[in-house]
Amino acid sequence: MARPARLTAQALAVAVVIGLLALLVWRVAHDDTATVSKALDAGHHPTAPVFDLRRIDGRGRIDLASLRGKKPLVLDFWASWCTPCIRESARLEAALKKYGGRIAFIGVDTKDFSADARSWQRKHGITYPSVHDGGGKVLAKWGGLPIPRIFFVTRSGKVAGELIVEEDLPRYLRQIAAS
């Protein structure tokens, strides 16, 4: 390759890299995506974004909108590759035994394969139903990675809070059970 052509190609490659970097910086600086987690951080209690997803056990679908007004809800975003999800899902399984008659528990397997999720749920003895959000679109509305992410939704459909520290679990369970 002739020297001028090579210099032109290198300059073009550098320009493309600089352009992509500028686009990335702009996107990060202007990330105004509203999520449930950001709303909670700002002191708001947004209405829970609805979804209609296939259950990982193959027993139909769960439509979050259809649950509004029936019971308060705990949403557990998890994946089979997530090691901390094992402990949190086990804690929720224990809470299910205490609050199952008053609170609905739903897992949202995200960024995962359905077969892996089914195996994981059986292996860890998780009995509350889970739906499959393979691409993570539902998770993105709630706040994105990292997981586990656990949210508490009142009977009326307002998000009461997100589990941040371990001590929040009993407090939020009592709060939404009384809603």
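This is a guided tour of a predicted model, stop by stop, with a suggestion of what to select at each one.

**Stop 1: the nonpolar core**

Start inside. Select Val 74, Leu 75, Phe 77, Phe 105, Trp 142, Phe 152 and Leu 173, which touch the most other members of the largest nonpolar core, a set of 44 residues. In soluble globular proteins, nonpolar side chains tend to be buried together.

Now centre the view on Val 74 and show its surroundings. Leaving out residues up to four places away in sequence, Val 74 touches Leu 92, Ile 103, Ala 104, Phe 105, Ile 106, Ile 150, Phe 151, Phe 152, Leu 173 and Ile 176.

**Stop 2: Thr 110 and its polar partner**

Next, select strand 4, residues 104-110, and go to Thr 110. Is Thr 110 buried or exposed? Thr 110 is buried, because its relative accessible area is 0%, where buried means under 20%.

Add Asp 133 to the selection: its side chain and that of Thr 110 are joined by a polar contact of 3.1 Å. With neighbours within four places in sequence set aside, the contacts of Thr 110 also include Trp 78, Ala 79, Trp 81 and Ile 147.

Step along to Lys 111, in the loop between strand 4 and helix 5. Lys 111 is not a glycine, yet its phi is positive, about 50°. Its relative accessibility of 37% makes Lys 111 partly exposed.

**Stop 3: the two sides of helix 5**

Select helix 5, residues 114-123, and colour its buried residues: Ser 114, Ala 117, Trp 120 and Gln 121. Why do these four count as being on the same side of helix 5? They cover an arc of only 125° around the axis, so they share a side.

What do the buried residues of helix 5 pack against? Show strand 1 (52-54), strand 3 (73-78), helix 4, strand 4 and strand 5 (130-133), and you have their packing partners. Then turn the helix around: Arg 122 and Lys 123 are exposed on the other side. Just after helix 5 comes Gly 125, with a positive phi near 65°.

**Stop 4: charged pairs**

Side chains of opposite charge can pair when their charged atoms come close. How many salt bridges does a search of the whole structure find? The search finds nine, and three of them are good places to pause.

- Select Glu 166 and Arg 87, a salt bridge whose closest N and O atoms are 3.0 Å apart. Glu 166 sits in the loop between strand 7 and helix 7 (168-177), while Arg 87 belongs to helix 4 (residues 83-99), so this pair ties together parts that are 79 residues apart in sequence. Both ends are partly exposed, Glu 166 at 41% relative accessibility and Arg 87 at 45%. Add Glu 88 and Arg 91 to see the network of salt bridges that links them with Arg 87 and Glu 166.
- Select Lys 97 and Glu 93, whose closest N and O atoms are 3.5 Å apart in their salt bridge. The two are four residues apart in helix 4, which means a separation of about one helical turn. Lys 97 is exposed at 67% relative accessible area, whereas Glu 93 is buried at 7% relative accessibility.
- Select Asp 57 and Arg 59, whose side chains form a salt bridge with an N to O distance of 3.8 Å. Asp 57 is partly exposed, with 36% relative accessible area, and Arg 59 is exposed at 65% relative accessibility.

**Stop 5: two cis peptide bonds**

Go to the loop between helix 6 (137-142) and strand 6, where you will find Pro 146 and Pro 148. Display the backbone here. The peptide bond from Leu 145 to Pro 146 is cis, with omega near 5°. A cis peptide bond also joins Ile 147 and Pro 148, with omega about 5°.

**Stop 6: the hairpin of strands 6 and 7**

Finish with strand 6 (residues 149-153) and strand 7 (residues 159-162), which run antiparallel and are joined by three bridges. Which residue of strand 7 is the bridge partner of Val 153? Select Val 159, and you have the partner.

Five residues lie between the strands of this hairpin, and Gly 157 there takes a positive phi near 100°.

Methods
Residues are numbered from 1 along each chain as its sequence is written. This is a predicted model: local features need pLDDT of at least 70, side-chain atom pairs count only at pLDDT 80 or more; totals for chains, interfaces and linings use all residues. Side-chain values use heavy atoms; hydrogens and water are left out. Two strands pair if DSSP finds at least two bridges between them. Buried means under 20% relative accessible area, exposed over 50%, partly exposed in between (1.4 Å probe, protein chains only). A polar contact is a pair of N or O atoms within 3.5 Å; within protein, one must be able to donate a hydrogen and the other to accept it, and residues adjacent in sequence count only if both atoms are side-chain atoms. Contact means heavy atoms within 4.5 Å. A nonpolar core is a set of buried Ala, Val, Leu, Ile, Met, Phe, Trp, Tyr and Cys residues joined through side-chain atoms within 4.5 Å. A salt bridge is a side-chain nitrogen of Lys or Arg within 4 Å of a carboxyl oxygen of Asp or Glu. The arc is that of the directions from the helix axis to the C-beta atoms.
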